[in-house]
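Here is a short set of exercises to work through with the model open on your screen. Try each task yourself before you read its solution.

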There are 2 protein chains.
Amino acid sequence: MAKQTQLAHCECPVARALEAIGDRWVLLIIRDAFDDVRRFGEFHKRLGLARNVLTIKLKQLVELGILAVQPASDGSAYKEYVLTDMGRAVFPIVVSLRQWGERYLFEQGESYSQLLDNDQAEQVQTISVRSRSGKALNPEDCHRRVVRHEG
Amino acid sequence: MAKQTQLAHCECPVARALEAIGDRWVLLIIRDAFDDVRRFGEFHKRLGLARNVLTIKLKQLVELGILAVQPASDGSAYKEYVLTDMGRAVFPIVVSLRQWGERYLFEQGESYSQLLDNDQAEQVQTISVRSRSGKALNPEDCHRRVVRHEG
């Protein structure tokens, strides 16, 4: 695991993203936060993760700026964890994981959940990689270029 | 970690996907496979992952059906690991991780790699979740419905 800590300094944004959130529990916490789960006890109940591990993961997510801690919305003494803009921007990652799972990891007749838009109650579009002009791109249709980040 | 093994049987496709590939090294191996890395030694050199761990991760990826093992394309005795259709379908997940990393994990002036389409040498579109009619959707614009998989 020698290079793990170096991923955060890599030129590759995939490596940096995975250093930050490339962990199944972290992504499941974010998934639950999209369902408006906000409290430690609720995350614990839904995920069944050991309390000490959940504490560490939530702390990481706050330090990364993906979750913010705020007082409970009902005025009680609980803390609530809410997604920041950076956290909300993980949505396409979670949906692309969902769509890959739907396609490859269920047998005929098994129950699974679909994601629908509220207005039309239709399944959302299948996410694909597209050029500016809208052409669907495969990995071999793409290449990389190193540039400086403009902040 | 009590529920970890149950994720594979969950109705939530996000949980099943994360059970399969929710691991930073697994996703980095897939990223490298998109760059046409095929041999154990090449993965080892690029990722710097311990050989025994890399062996386990590659075996998992073959068992899941994401990589297939084939004889070396140059006729040598090496084995090559190549992405199956199921593996190639991880592309939007890797690109959405990339785009989130580009946006949030680089400081001004740092070097990073952009993904361009070969034809136009322009950056690919930013991935977003969209309704059938093309409207950009936020998490609160969506809901879930449980259905039976038609295989």
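**Exercise 1. Describe how H2(A) meets H3(A).**

*Solution.* This is a predicted model, so start with the helices themselves.

Step 1. H2(A) passes H3(A) in a right-handed crossing.

Step 2. For the geometry, take helix H2 (residues 24–34) and helix H3 (residues 40–47) of chain A: their axes cross at roughly 115° and come within 11 Å.

Step 3. Now pick out the side chains to display. H2(A) brings A:Trp25, A:Leu28, A:Ile29 and A:Asp32, and these meet A:Phe43, A:Arg46 and A:Leu47 of H3(A).

Step 4. Sort the residues of this contact by class: five are nonpolar, two are charged and none is polar.

**Exercise 2. Place this helix pair within chain A as a whole.**

*Solution.* Step 1. Count the elements: chain A contains six helices and four strands.

Step 2. Follow them along the sequence, and the pattern reads α-α-α-α-β-β-α-α-β-β.

Step 3. For the extent of chain A, its C-alpha atoms fill a box of roughly 55 × 45 × 30 Å along the principal axes.

**Exercise 3. Which operation lays chain B on chain A?**

*Solution.* Step 1. A turn of 180° with a shift of 0.0 Å along the axis does it, and the RMSD is 0.0 Å.

Step 2. This is the relation of a two-fold axis.

Step 3. Both copies use the same surface, as 100% of the contact residues of chain B recur in chain A.

Step 4. Go back to the helix pair of the opening exercise and look for it in chain B. There, H2(B) and H3(B) pack at about 115° with their axes 11 Å apart, and H2(B) passes H3(B) in a right-handed crossing. B:Trp25, B:Leu28, B:Ile29 and B:Asp32 of H2(B) meet B:Phe43, B:Arg46 and B:Leu47 of H3(B).

**Exercise 4. Take stock of the contact between the two chains.**

*Solution.* Step 1. Chain A and chain B each put in residues: 79 from chain B and 79 from chain A.

Step 2. On the side of chain B that touches chain A, the elements giving two or more residues include helix H1 (13–21), helix H2 (24–34), strand S3 (111–117) and strand S4 (142–148) of chain B. H6(B) gives the most to this side, with 13 residues.

Step 3. By class, this side of chain B has 39 nonpolar, 17 polar and 23 charged residues.

**Exercise 5. Why are H1(A) and H2(B) called roughly antiparallel?**

*Solution.* Step 1. Read the angle: helix H1 (residues 13–21) of chain A packs against H2(B) at about 165°, and their axes are 10 Å apart.

Step 2. Compare that angle with the cut-off: angles over 145 degrees count as roughly antiparallel. H1(A) and H2(B) are therefore roughly antiparallel to each other.

Step 3. Add the handedness: H1(A) passes H2(B) in a right-handed crossing.

Step 4. List the residues. A:Val14, A:Ala15, A:Leu18 and A:Glu19 of H1(A) make the contact with B:Arg24, B:Leu27, B:Leu28 and B:Arg31 of H2(B). Five of the residues in this contact are nonpolar, three are charged and none is polar.

**Exercise 6. Find how a strand of chain A pairs with S4(B).**

*Solution.* Step 1. Strand S3 (residues 111–117) of chain A pairs with S4(B) over seven bridges, in the antiparallel sense.

Step 2. To find one bridge on screen, go to A:Asp117, whose bridge partner in S4(B) is B:Cys142.

Notes. Residues are numbered from 1 along each chain as its sequence is written. Chains are lettered from A and ligands numbered from 1 in the order in which they are written. This is a predicted model: local features need pLDDT of at least 70, side-chain atom pairs count only at pLDDT 80 or more; totals for chains, interfaces and linings use all residues. Two residues are in contact if their C-beta atoms, placed from the backbone, lie within 7 Å. Ala, Val, Leu, Ile, Met, Phe, Trp, Tyr, Cys and Pro count as nonpolar, Asp, Glu, Lys and Arg as charged, and the others, Gly among them, as polar. Two strands pair if DSSP finds at least two bridges between them. Copies are superposed by least squares on the C-alpha atoms of residues with pLDDT of at least 70 in both. Axes are lines fitted to C-alpha atoms, for helices over the stretch in contact, and angles run from 0 to 180 degrees between N-to-C directions. Angles under 35 degrees count as roughly parallel, over 145 as roughly antiparallel, 65 to 115 as roughly perpendicular and the rest as oblique. A crossing is left-handed if the near helix is turned anticlockwise from the far one by less than a right angle, and right-handed if clockwise.
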